[in-house]
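Student: I have a model open in front of me and would like to learn how to read it feature by feature. Could you take me through it slowly?

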Amino acid sequence: MAVDPGYAGRVYPPTAPYEVGREALREFAEAVGSAHPAHVDAAAARALGHPDVVAPPTYAVVVAQRAEAQLVQDPAAGIDFSRVVHADERFTHHRPIHAGDRLVTVLHVDAITTRAGLSMVSTRCEIADEAGEPVATVRSTLAVRGDEGAPA
Amino acid sequence: MSAPTPAAVPVGRPALDDLVVGQEVARATVDVDRARLVHYAAASGDRNPIHWNERFAREVGLPGVIAHGMWTMGAAASVVTAWAGDPGAVVDYGVRFTRPVPVPDPGAAQVEVVATVGALDADAGTARVDLTVTAEGQRVLGKAQAVVRLR
């Protein structure tokens with residue numbers, strides 16, 4: 001099954017709020033090897049001007065992938081995860097994510113292009129707080145091999 | 001409430017004026033083993049079996065279990081934020097995933113991260129840090145650039 005190019009341009013409704021927890025930030029920071037005290041110690045974070053412990057720069061992927069699931073887990077979109085390779089990822093932080101944030105994400109499917117049996121699916125997650133103030137923009141591209149593409 | 005600790009005192013942060021384009025600002029070698037991938041899978045919610053199940057990884061044509069590209073991207077970011085002195089200082093960070101990082105069992109893969117100053121923007125108060133990220137001498141991330149706000 002091929003990726004359906006008709007999904008390009010689609011904009012999904014805002015997600016339910018994702019609440020950022022201190023322990024979730026601690027676990028993520030440990031997993032990526034970031035020992036900075038501002039991930040775990042609210043006083044250290046406040047000394048840097050943050051209201052609470054702060055997220056590592058790539059933590060926003062956790063929020064984004066919940067929104068991206070609306071596309072990649074939609075059988076009609078034709079994204080077979082055993083044929084997917086992550087091609088690129090980019091985070092633009094309008095402000096740091098911190099514990100206590102309640103984040104709402106709008107998923108945009110920016111482009112779907114297919115060439116020689118390889119589909120490139122580019123998505124953009126606009127992450128905002130509950131008041132609508134922008135927090136982060138997460139851009140991601142998946143490369144999806146078609147049925148005829150032999151595995152490497 | 002956390003009690004004040006010595007770690008809560010802001011440590012020295014690099015100053016924009018002290019940086020020169022081309023300057024190496026950080027270098028680290030990070031080990032990644034299967035346990036690390038399971039930890040990342042749990043912390044990130046990315047439970048794709050290619051990152052923990054050898055049989056599944058081979059069935060989809062991989063040489064074996066590979067690291068999450070997002071783990072590698074995150075580990076490289078940790079090198080940048082440790083240098084910058086503030087995890088919230090990274091305002092933009094993008095990479096391309098150019099090559100997977102196979103993670104053996106037993107043992108570990110080594111990912112080497114070298115951060116150099118790619119550009120300076122005095123008006124914006126930012127430095128672009130370019131990252132060379134390799135495993136077994138081959139680049140695993142391409143166009144890896146982090147824009148960091150400094151004072």
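Student: Before anything else, how many helices and how many strands are there in chain A?

Tutor: Please keep in mind throughout that this is a predicted model. Chain A has three helices and five strands, and, read along the sequence, these elements follow the pattern β-α-α-α-β-β-β-β. The C-alpha atoms of chain A fill a box of roughly 55 × 35 × 20 Å along the principal axes.

Student: What share of the residues of chain A count as buried, and what share of its contacts is made by residues 24 or more positions apart?

Tutor: Of the 152 residues of chain A, 52% count as buried. Among the contacts in chain A with a separation of 6 or more, 70% are accounted for by residues 24 or more positions apart.

Student: How should I read a nonpolar core, and which residues have the most contacts inside the largest one?

Tutor: The general idea is that, in soluble globular proteins, nonpolar side chains tend to be buried together. Here the largest nonpolar core has 83 residues, and those with the most contacts inside it are Tyr59(A), Leu131(B) and Val148(B). Helix α3 of chain B, residues 69-84, gives the most to this core, with ten residues. To follow one of these residues by eye, take Leu131(B): leaving aside neighbours within four places in sequence, Leu131(B) is in contact with residues including Ala76(B), Val80(B), Tyr93(B) and Val113(B).

Student: Turning to a single helix, which residues of α1(B) are buried, and what covers them?

Tutor: With a helix, one can list the buried residues and then look for what lies over them. In α1(B) the buried residues are Arg34(B), Leu37(B), Tyr40(B), Ala41(B), Ala43(B) and Ser44(B). Their cover includes α1 (22-31) and α3 (60-72) of chain A, together with β1 (24-32), α2 (54-59) and α3 of chain B. Just after α1(B), Gly45(B) takes a positive phi of about 85 degrees.

Student: For the interface, how many residues does each chain bring to the contact, and what area is buried?

Tutor: An interface can be read by its residues, its area and its polar pairs. The contact takes 37 residues from chain B and 40 residues from chain A, and the area buried between them is about 3100 Å², of which carbon and sulfur atoms give 57%. Met70(B), Pro87(B) and Phe97(B) supply 17% of the area that chain B buries against chain A, more than any other three residues. Across this interface there are 14 residue pairs in polar contact, both residues being at pLDDT 80 or more. On the side of chain B that touches chain A, the residues divide into 18 nonpolar, 13 polar and six charged.

Student: How many salt bridges cross this interface, and which residues form a salt bridge with a closest N to O distance of 2.9 Å there?

Tutor: The rule finds one salt bridge across the interface, and Asp92(B) forms a salt bridge with Arg90(A), the closest N and O atoms being 2.9 Å apart. Over all chains the count comes to 15.

Student: Within chain B, how are Arg58(B) and Glu54(B) placed in helix α2?

Tutor: Arg58(B) and Glu54(B) form a salt bridge, with closest N and O atoms 2.9 Å apart; because they are four residues apart in helix α2 of chain B, they are separated by about one helical turn. Glu54(B) is partly exposed, with a relative accessible area of 26%.

Technical notes
Residues are numbered from 1 along each chain as its sequence is written. Chains are lettered from A and ligands numbered from 1 in the order in which they are written. Side-chain values use heavy atoms; hydrogens and water are left out. A nonpolar core is a set of buried Ala, Val, Leu, Ile, Met, Phe, Trp, Tyr and Cys residues joined through side-chain atoms within 4.5 Å. Buried means under 20% relative accessible area, exposed over 50%, partly exposed in between (1.4 Å probe, protein chains only). Helices (H or I, at least four residues) and strands (E, at least two) are DSSP runs, numbered from the N terminus. Contact means heavy atoms within 4.5 Å. Buried area is the accessible area (1.4 Å probe) that two parts lose on being put together, summed over both. A salt bridge is a side-chain nitrogen of Lys or Arg within 4 Å of a carboxyl oxygen of Asp or Glu. A polar contact is a pair of N or O atoms within 3.5 Å; within protein, one must be able to donate a hydrogen and the other to accept it, and residues adjacent in sequence count only if both atoms are side-chain atoms. Ala, Val, Leu, Ile, Met, Phe, Trp, Tyr, Cys and Pro count as nonpolar, Asp, Glu, Lys and Arg as charged, and the others, Gly among them, as polar.
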